[in-house]
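Please find below a colleague's note on the structure, set out as numbered points. The points take up charged contacts, aromatic contacts and empty space in turn.

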Amino acid sequence: MPRLKPLAPNEVDPASLKVFEGFYAKRGNVPNMFRTFARRPEMMIAASNLMSAVLSTGTLDLRLKEMVVVRTSQLNECAYCLTSHSTILRNLGLSQENIDALQAPDDSRWTERERVALRYAEQVTVNAKGISDELWASLREHFDEGEIVELTATTSLFSMFNRFNDALDMAITEPGWPEA
């Protein structure tokens with residue numbers, strides 16, 4: 001049972017409803033996280049815009065960013081984000097076996113570039129101050145500075161989302177338009 005009840009579409013202001021409709025059109029649901037954030041519409045809109053900027057802009061492909069989201073959520077043990085973003089990864093063509101294998105960033109199924117991104121996400125999540133010179137050199141070898149910003153922002157944003165969802169004991173979002 002969530003600690004706060006996610007708001008229904010008929011309980012939000014017009015700007016929040018527009019965000020809800022955007023999520024529904026893109027995902028076929030309105031994430032409970034954003035329905036809860038809607039208690040503070042400015043925060044919900046900002047979080048939605050930031051998530052969109054982090055995941056939908058730049059040069060890194062969505063598949064790699066979602067792999068980083070899932071790895072970060074695995075490390076933080078956030079069932080809510082794992083469920084949501086594993087579904088997105090499956091829709092992007094990753095099997096559940098491969099999604100589970102993200103827990104082994106050095107697995108041979110990943111390209112060297114993916115392994116470096118996953119190791120970096122792991123280190124940022126566990127101890128951002130502990131990035132070794134070796135990992136940094138590998139990162140610089142495979143990613144330009146803008147892409148490093150993308151990887152860091154993806155990991156950092158979802159660590160925050162993981163904490164938000166876990167603190168509020170967020171219920172897994174079901175498909176469909178939310179009812180009152």
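Which residues are linked in a network of salt bridges?

1. In this predicted model, the residues linked in a network of salt bridges are Asp106, Glu112, Arg115 and Arg119. Within this group, the side chains of Glu112 and Arg119 meet in a salt bridge with an N to O distance of 3.5 Å. Arg119 is partly exposed, at a relative accessibility of 23%, and Glu112 is likewise classed as partly exposed, with a relative accessible area of 33%.

2. The network should be read against the wider count, since the search of the whole structure finds eleven salt bridges. Among them is the contact between Glu150 and Lys65, whose closest N and O atoms are 3.0 Å apart. This pair links distant parts of the chain, with Glu150 in helix 9 and Lys65 in helix 4, 85 residues apart. Both partners deserve a look for their surroundings: Glu150 counts as buried at 11% relative accessibility, and Lys65 is buried with a relative accessible area of 1%.

3. A further salt bridge joins the side chains of Arg71 and Glu122, at 2.6 Å from N to O. Because Arg71 belongs to helix 4 and Glu122 to helix 7 (residues 112-127), this pair ties together parts of the chain that are 51 residues apart in sequence. The two partners fall in separate accessibility classes, in that Arg71 counts as buried at 6%, whereas Glu122, at 23%, counts as partly exposed.

4. Turning to the rings, the search of the whole structure finds six aromatic pairs. One of them is formed by Phe34 and Phe161, an edge-to-face pair with 6.2 Å from centre to centre and 80° between the planes. Phe34 lies in helix 2 (residues 32-37) and Phe161 in helix 9 (residues 145-167), so that the contact ties together parts 127 residues apart in sequence. Phe34 is buried, with a relative accessible area of 1%, and Phe161 also counts as buried, at 1% relative accessibility.

5. Phe37 and Phe164 form an aromatic pair that is stacked, with 4.1 Å between the ring centres and 10° between the planes. Here Phe37 lies in helix 2 and Phe164 in helix 9, and the pair therefore ties together parts that are 127 residues apart in sequence. Phe37 is buried, its relative accessible area being 9%. Both pairs should be viewed as part of a wider arrangement, for Phe23, Phe34, Phe37, Phe158, Phe161 and Phe164 form one aromatic cluster.

6. On enclosed space, the structure holds one cavity of 30 Å³ or more, and the volume of the largest cavity is about 70 Å³. Its lining consists of Arg27, Pro31, Met33, Phe34, Met51, Tyr80, Cys81, Ser84, His85, Phe158, Phe161 and Asn165. Helix 2, helix 5 and helix 9 are the elements that give two or more residues to this lining, and the largest share, four residues, comes from helix 5. By class, the lining residues of the largest cavity divide into eight nonpolar, three polar and one charged. Phe34, Phe158 and Phe161 of the aromatic cluster are among the residues that line the largest cavity.

7. On open space, the largest pocket has a volume of about 630 Å³. It is lined by 27 residues, of which Phe23, Lys26, Arg27, Ser84 and Ile88 are the closest to its centre. Helix 1 (14-27), helix 3 (41-56), helix 4 (62-75) and helix 5 (79-91) each supply at least two residues of the lining, with helix 5 giving the most, seven residues. The lining of the largest pocket has ten nonpolar, 13 polar and four charged residues.

8. A last point concerns residues that recur in the preceding paragraphs. Arg27 and Ser84 are among the residues closest to the centre of the largest pocket, and Arg27 and Ser84 also line the largest cavity. Phe23 is likewise among the residues closest to the pocket centre, and Phe23 is a member of the aromatic cluster. Helix 5 gives the most residues to the lining of the largest pocket, and helix 5 also supplies the largest share of the lining of the largest cavity.

Terms used
Residues numbered from 1 in each chain as written. Heavy atoms only, no water. 1 Å grid on protein atoms, 1.4 Å probe; cavity = no way out; pocket = protein on both sides within 12 Å on 5 of 7 lines; lining within 4 Å. Points joined across faces, edges and corners; volume = space filled by probe spheres on them. Nonpolar A, V, L, I, M, F, W, Y, C, P; charged D, E, K, R; others polar. Phe/Tyr/Trp six-rings, centres within 6.5 Å; stacked < 30°, edge-to-face > 60°. Buried < 20%, exposed > 50% of the residue type's maximum accessible area, 1.4 Å probe, protein only. Salt bridge = Lys/Arg side-chain N within 4 Å of Asp/Glu carboxyl O.
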